[in-house]
Amino acid sequence: MLKKVALTAALTTALALTPAAATAADSPIYRLVLGVGATASDATFSWRTHHRGAEAVEIWETTNPESRRRIEAREQDNGALLYVSKEANVGELEASTSYTYRVGSEAGGWSQEQTFTTGDGDDTWDFLALADAQIGVNLDNATQGKNWRNAVAAATAARPEAEMLLSLGDQVDGWGAIQPQYDQFFSAPQLRTLPTAAIPGNHETYVSGMKHFSEHFSLPNEQRGTGNYFYERNNVLFISLNSNESDPADIANHKEFIRATAAKHGADKDWIVATYHHGPFAQGSHTADADVEALRRELTPVLSEAGVDVVLSGHDHIYSRSHLMRGTEPVVPDKRAERGDRLRPQDGEVLYMTATTAGAGKFYDFHDRFGTKHPDARRELIDQDLEQPWTAYWNQDYTPDYTAVSVSPTELTLTTYNVNTPYVVDKVTLEK
């Protein structure tokens, strides 16, 4: 901790951010993110700072400044030496209400004020999902940062009523200087106005382990520092797993976490959505990896058993949608899957969606079930017998996508759009 304080002090001096001089425009606050809370009436705030003293969140109803309240922050110290991380949780947020907030302190300076609006709390609502921003591929932070900002901007412009954004792992590439990569990821302004939930990908673990991911995101209901966590939104339970942990003891822990969380918090929900980075049923190059095979073999039967409806993942940089899966066994329909499919899952049947990259740093070719890659393959031209037995629909056009999810008590619709030319890549609806 002494090293961390010393390095932070040096950075503070170098940047001339003395407590007396710091202002909202010239603030020590950076990489601020509005995170999801345990429920829709909660929110988390996480930020980096050059200030060495106490800091807090101040939040108020936008139309009622007298409602201002202050929540003291705590340090989120997981061993990152080049910055100090702070986080705070805020509860008792009212539905359909605009809130304004700032973070920091009188001594060190405050961030710019940001505004967000809570959802209306009913059971018909939308959220957004993107994967693999992976900023830093080939050290091209600027281009991938721009691509990421464009993807988030396109998604939120198309679905302005969305109540939440999910980032499905590999926020950064992990090789090289990590801080500029995170600077680009957090440069998307929507991360300060739309509650955001992130999961760790394999690239979060490179070089320095999970410490940077852990200091940048506050995870509600986290299980003993494992990176497994859950949260509730309206009529949906979200279960998020750290799929980097894939040895037998880790998978046994994942199983316990899924079963316990679904049993305790999922019974009164219309839907259970799981997120983890390493998609078990994809059409890319990772399907034969030892960790993916272990997660597929051991974890998917438990997801079926626990009543999970949908699993959202990344990792393969190619869009893939599975058949309904009962554990590892596909429920293959009589006709070939198409955009617009409407599915009626039976108990224990789960849909798996693997998103492509939102940062466009790299894409993976279609890999057939024998492991051979096919550059520039198109679904309408490829021999269907070369697809994986679990694959219902896939697309690889080497451009970034985002997925909008519409929720109602009786339907869950996933619509995936191309970022650059807003056509529908795929659309599938689950019916209760």
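The following exchange covers a helix, a pocket and an annotated span in a predicted model.

Visitor: What makes α2 a helix of the expected span?

Guide: Helix α2 runs over residues 141–158 and has 18 residues. The distance from its first C-alpha to its last is 26 Å, close to the 26 Å expected at 1.5 Å a residue.

Visitor: Which residues of α2 are called buried, and why?

Guide: Buried means under 20% relative accessible area. In α2 that applies to Asn141, Gln144, Gly145, Trp148, Ala151, Val152, Ala155 and Thr156.

Visitor: How do you know on which side of α2 they lie?

Guide: Their arc around the axis is only 125°, so they are on the same side of α2. On the other side, Ala142, Lys146 and Ala157 are exposed, a word kept for over 50% relative accessible area.

Visitor: What makes a residue part of the lining of the largest pocket?

Guide: A lining residue has an atom within 4 Å of a pocket point. The largest pocket has 18 such residues, and Val331, Pro333, Asp341, Arg342 and Leu343 lie nearest its centre. The space in this pocket is about 290 Å³.

Visitor: Which strand gives the most to that lining?

Guide: Strand β20 does, with three residues. Both β17 (319–322) and β20 (341–343) supply at least two each.

Visitor: How many residues of each class are in the lining?

Guide: Eight are nonpolar, eight are charged and two are polar.

Visitor: Where does the name for residues 32–118 come from?

Guide: UniProt lists them, in an unreviewed entry, as "domain: Purple acid phosphatase N-terminal". In the model this span is 57% strand and 0% helix, and its end C-alpha atoms lie 18 Å apart.

Terms used
Residues numbered from 1 in each chain as written. Predicted model: local features only at pLDDT ≥ 70, side-chain atom pairs only at ≥ 80, totals over all residues. Heavy atoms only, no water. 1 Å grid on protein atoms, 1.4 Å probe; cavity = no way out; pocket = protein on both sides within 12 Å on 5 of 7 lines; lining within 4 Å. Points joined across faces, edges and corners; volume = space filled by probe spheres on them. Helix = DSSP H or I, 4+ residues; strand = E, 2+ residues; numbered from the N terminus. Nonpolar A, V, L, I, M, F, W, Y, C, P; charged D, E, K, R; others polar. UniProt positions renumbered as here; feature names shortened; annotations may be inferred. Expected span 1.5 Å × (residues − 1). Buried < 20%, exposed > 50% of the residue type's maximum accessible area, 1.4 Å probe, protein only. Arc of directions from axis to C-beta.
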